[in-house]
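Reader: Before I set up any calculation on this protein, I would like to go through its empty spaces, its helix packing and its backbone. Could you take me through these topics one at a time?

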Amino acid sequence: MPYLKRRHFITLLGGAATWPLAARAQQMKVYRIGALVVGNADVNSLRTELREALRKSGYVEGQNLLFEFRSAEEELDRLPRLAAELVALKVDVIVAIYTPCALAAQRATREIPIVIVSGNPIETGLVPSLSRPGGNITGISLIAAELHGKCVELFQDMLPSLRRVAALGNAADPISKLFLEQVQLAGRTTGIEIAPAIMVRGPGEIDEAFAAMKKARADAVVVQGSLASKNTAELALTRGLPAATVPRSFAEVGGLMSYGADGPDSFRRAAAFVVKILQGGKPADMPVEQPTKFELVINLKTARALGLDVPWFLQQRADEVIE
């Protein structure tokens, strides 16, 4: 073999030998996903759905995927610091659950892609348009404020003697004003008095708020979704107040009732956005989606503890009844 041809052959052979190594190196890229959460009852469901959905797309935790979960533990003033931590870690994507987390992530970075599962993203300034988000944010709009109003209507069906429903809002949550407006609108539509309306700034104020509602003779309470924790469910039961909200997980941890977008389904759809971004997609080109599946969940165990007899027709309407 002539020298030039032989050298060319050896070069090609050597290059071919490196191809598997290069391929393996590319396969070994580890993606880092940040998750920013309020710290309420949805955290475990989010973890489960994200991990499973990403695994099905070939992203396996501990192999080519790492999660960085940051929870505010219901103290929303911690969110800016937690969002800054995720940015400093240079995560590939931030998943932000609920409006306070989404806004904290937005303020922390305009470069890292952000996937939201959040209420009313246009009204809160997260995106200018659902069809053309245009920046580094996309995801799922939960239309949460409107669904809180539906809880008032469901209480009317559950408790025919109902006259007064209290509203428990999260003052630190930017959609608290929309939440209260929708609950009051439902009150006017149904003829139910919405009182008292109490805004709290943290979990430490919730029990005192329930005591005030009980003193004001409220028959039930609609709780803003970002306050929907196991602690809130337990305090409502202790004070003898039927409580309802939007996140399904609230009923699962002991709240009386939830009506809203299917939480696990929303988290799976958020994971689909994450996969598209990891594969090179741009949030600006991905329209924000709205829920297509809504669920009514009733906790009969809690109803019995409250001395309530849930009408059979309402149990039949429920997507799930927890015994």
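Author: What follows is a set of questions and answers on this predicted model.

Reader: To begin with the whole chain, what share of the 323 residues in the protein is buried?

Author: The protein holds 12 helices and 12 strands, and its C-alpha atoms fill a box of roughly 100 × 35 × 35 Å along the principal axes. Among contacts with a separation of 6 or more, 66% link residues 24 or more positions apart. With burial taken as under 20% relative accessible area, the buried share of the 323 residues is 54%.

Reader: Which helix gives the largest share of the lining of the largest cavity?

Author: The search of the whole structure returns 2 cavities of 30 Å³ or more, and the largest cavity has a volume of about 210 Å³. Its lining consists of 22 residues, with Tyr98, Leu142, Ala144, Val246 and Pro247 nearest the centre. At least two lining residues come from each of α4 (99–108), α5 and α10 (263–278). The largest share, 3 residues, is supplied by α10.

Reader: How many charged residues are there in the lining of that largest cavity?

Author: Sorted by class, the lining of the largest cavity has 10 nonpolar residues and 8 polar ones. The remaining class in this lining is the charged one, and its count is 4.

Reader: Which helix gives the most to the lining of the second largest cavity?

Author: The second largest cavity encloses about 30 Å³ of space, and its lining includes Ala233, Ala236 and Leu237 as well as Gly254, Gly255 and Thr302. By class, this lining has 7 nonpolar and 3 polar residues, with no charged residues. The helix that gives the most, with 3 residues, spans residues 230–238 and is α8.

Reader: Turning to open space, how many charged residues belong to the lining of the largest pocket?

Author: The largest pocket offers about 180 Å³ of space. It is lined by 13 residues, and those closest to its centre are Leu159, Ala218, Asp219, Pro242 and Leu308. The lining divides into 8 nonpolar residues, 2 polar residues and a charged group that numbers 3.

Reader: For the packing of helix α5 against helix α6, at what angle do the axes cross?

Author: Two packed helices are described by the distance between their axes together with the angle between them. Here helix α5 covers residues 144–158 and helix α6 covers residues 176–190, and their axes come within 7 Å. The crossing of α5 past α6 is right-handed, and the angle is roughly 35°.

Reader: How many charged residues take part in the contact of α5 with α6?

Author: On the α5 side the contact includes Ala145, His148, Gly149 and Val152, together with Glu146 and Glu153, while the α6 side includes Leu178, Phe179, Gln182 and Val183. By class, the contact has 6 nonpolar and 6 polar residues, and the number of charged residues is 2.

Reader: Is Gln106 buried or exposed?

Author: Gln106 is found in helix α4, and it touches Ile114, Gly125, Leu126 and Ile137 when residues up to four places away in sequence are not counted. Burial requires under 20% relative accessible area. Because its relative accessibility is 8%, Gln106 counts as buried.

Reader: On the backbone, which residue does a cis peptide bond join to Ala195?

Author: The cis peptide bond that starts from Ala195 has an omega of about -5°. The partner of Ala195 in that bond lies in strand β7, which covers residues 193–200. That partner is Pro196.

Reader: Is Lys90, which has a positive phi, buried or exposed?

Author: Lys90 has a phi of about 60° although it is not a glycine, and it lies in the loop between α3 (79–88) and β3 (93–97). A residue counts as exposed over 50% relative accessible area. Because its relative accessibility is 70%, Lys90 counts as exposed.

Reader: And what is the phi of Arg217?

Author: Arg217 is found in the loop between α7 (206–215) and β8 (220–223), and it is exposed, with a relative accessible area of 69%. Its phi is positive in a residue other than glycine, with a value near 65°.

Notes: Residues numbered from 1 in each chain as written. Predicted model: local features only at pLDDT ≥ 70, side-chain atom pairs only at ≥ 80, totals over all residues. Heavy atoms only, no water. 1 Å grid on protein atoms, 1.4 Å probe; cavity = no way out; pocket = protein on both sides within 12 Å on 5 of 7 lines; lining within 4 Å. Points joined across faces, edges and corners; volume = space filled by probe spheres on them. Nonpolar A, V, L, I, M, F, W, Y, C, P; charged D, E, K, R; others polar. Axes fitted to C-alpha atoms, helices over the stretch in contact; angles between N-to-C directions. Helix = DSSP H or I, 4+ residues; strand = E, 2+ residues; numbered from the N terminus. Left-handed = near helix turned anticlockwise from the far one by under 90°. Contact = heavy atoms within 4.5 Å. Buried < 20%, exposed > 50% of the residue type's maximum accessible area, 1.4 Å probe, protein only.
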